[in-house]
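Take a moment with the sequence and the 3D view. The paragraphs after them go from the surface to a pocket, and then to a few single residues.

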Amino acid sequence: IYLANGVHSLHYTARWGILAGVIIGVALPLLELALPKHRKYLPSAMGVGLAMVIPAFNSISMFMGAVIAALYARSKPKDAELFTVPVASGIIAGESILGVVVIILGVLGYLQ
């Protein structure tokens with residue numbers, strides 16, 4: 001609806017946000033090309049983009065899970081290789097299933 005009247009119909013902070021996103025989205029891949037030795041220290045452009053689109057609690061939860069997985073991998077590398085992906089997949093699937101259950105309960109009127 002807002003863009004039907006052009007970019008200038010957006011609030012000025014939204015326009016600044018778009019500009020910041022464009023700059024970051026272009027700068028990160030260019031930095032990876034310019035600094036190949038330091039690539040592992042640069043954030044993923046896709047990760048930054050997802051963090052800007054999804055709610056903050058999801059981004060924070062993913063970050064906390066990644067930190068826990070990294071610490072676990074340092075302390076028990078063989079176990080981490082076996083269990084990190086299945087446990088993370090189970091948590092994601094469980095959250096999705098519970099989300100569907102909550103929606104169904106809401107539609108049926110059990111959650112008000």
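Start on the outside of this predicted model. A nonpolar patch of about 950 Å² lies on the surface. Its members are I97, L98, V100, V101, V102, I104, L105, L108, Y110 and L111. Pick out V101, which sits in helix α4. How exposed is V101? V101 has a relative accessible area of 37%, so it counts as partly exposed. That value also fits the patch, because patch residues need over 30% relative accessible area.

Stay with helix α4 for a moment. A88 belongs to this helix too. Its relative accessible area is 36%, which means that A88 is partly exposed. Now compare A88 with Y110, one of the patch residues. Along the sequence, 22 residues separate A88 and Y110. In space, their C-alpha atoms are 30 Å apart.

D79 is another residue of helix α4. Its relative accessibility is 30%, so D79 is partly exposed as well. Look from D79 across to P43. The two are 36 residues apart along the chain. Their C-alpha atoms lie 26 Å from each other.

Next comes the largest pocket. Its volume is about 720 Å³. It is lined by 24 residues, and those closest to its centre are S61, M62, F63, G65 and A66. Which helices supply at least two residues each to this lining? They are α2 (45-53), α3 (56-75) and α4 (77-107). Helix α3 gives the largest share, with eleven residues. Helix α4, which holds V101, A88 and D79, is thus also a contributor to the pocket lining.

What is the lining made of? Nonpolar residues account for 16 of its members. Another seven are polar, and one is charged.

Finish with the charged contacts. How many salt bridges does the structure hold? There is one. It joins the side chains of R39 and E32, with 3.5 Å from N to O. This pair counts as a salt bridge because the distance is within 4 Å. E32 has a relative accessible area of 22%. Buried would mean under 20%, so E32 is partly exposed instead.

To retrace the route, begin at the nonpolar patch that includes V101 and Y110. Move along helix α4 to A88 and D79. Turn to the largest pocket, with F63 among the residues closest to its centre. End at the salt bridge between R39 and E32.

Note on methods
Residues numbered from 1 in each chain as written. Predicted model: local features only at pLDDT ≥ 70, side-chain atom pairs only at ≥ 80, totals over all residues. Heavy atoms only, no water. 1 Å grid on protein atoms, 1.4 Å probe; cavity = no way out; pocket = protein on both sides within 12 Å on 5 of 7 lines; lining within 4 Å. Points joined across faces, edges and corners; volume = space filled by probe spheres on them. Helix = DSSP H or I, 4+ residues; strand = E, 2+ residues; numbered from the N terminus. Nonpolar A, V, L, I, M, F, W, Y, C, P; charged D, E, K, R; others polar. Patch = residues over 30% accessible without salt bridge, like charges linked within 9 Å, V, L, I, M, F, W, Y side chains within 5 Å. Areas by Shrake-Rupley, 256 points an atom, 1.4 Å probe, with all protein chains shown as cover. Buried < 20%, exposed > 50% of the residue type's maximum accessible area, 1.4 Å probe, protein only.
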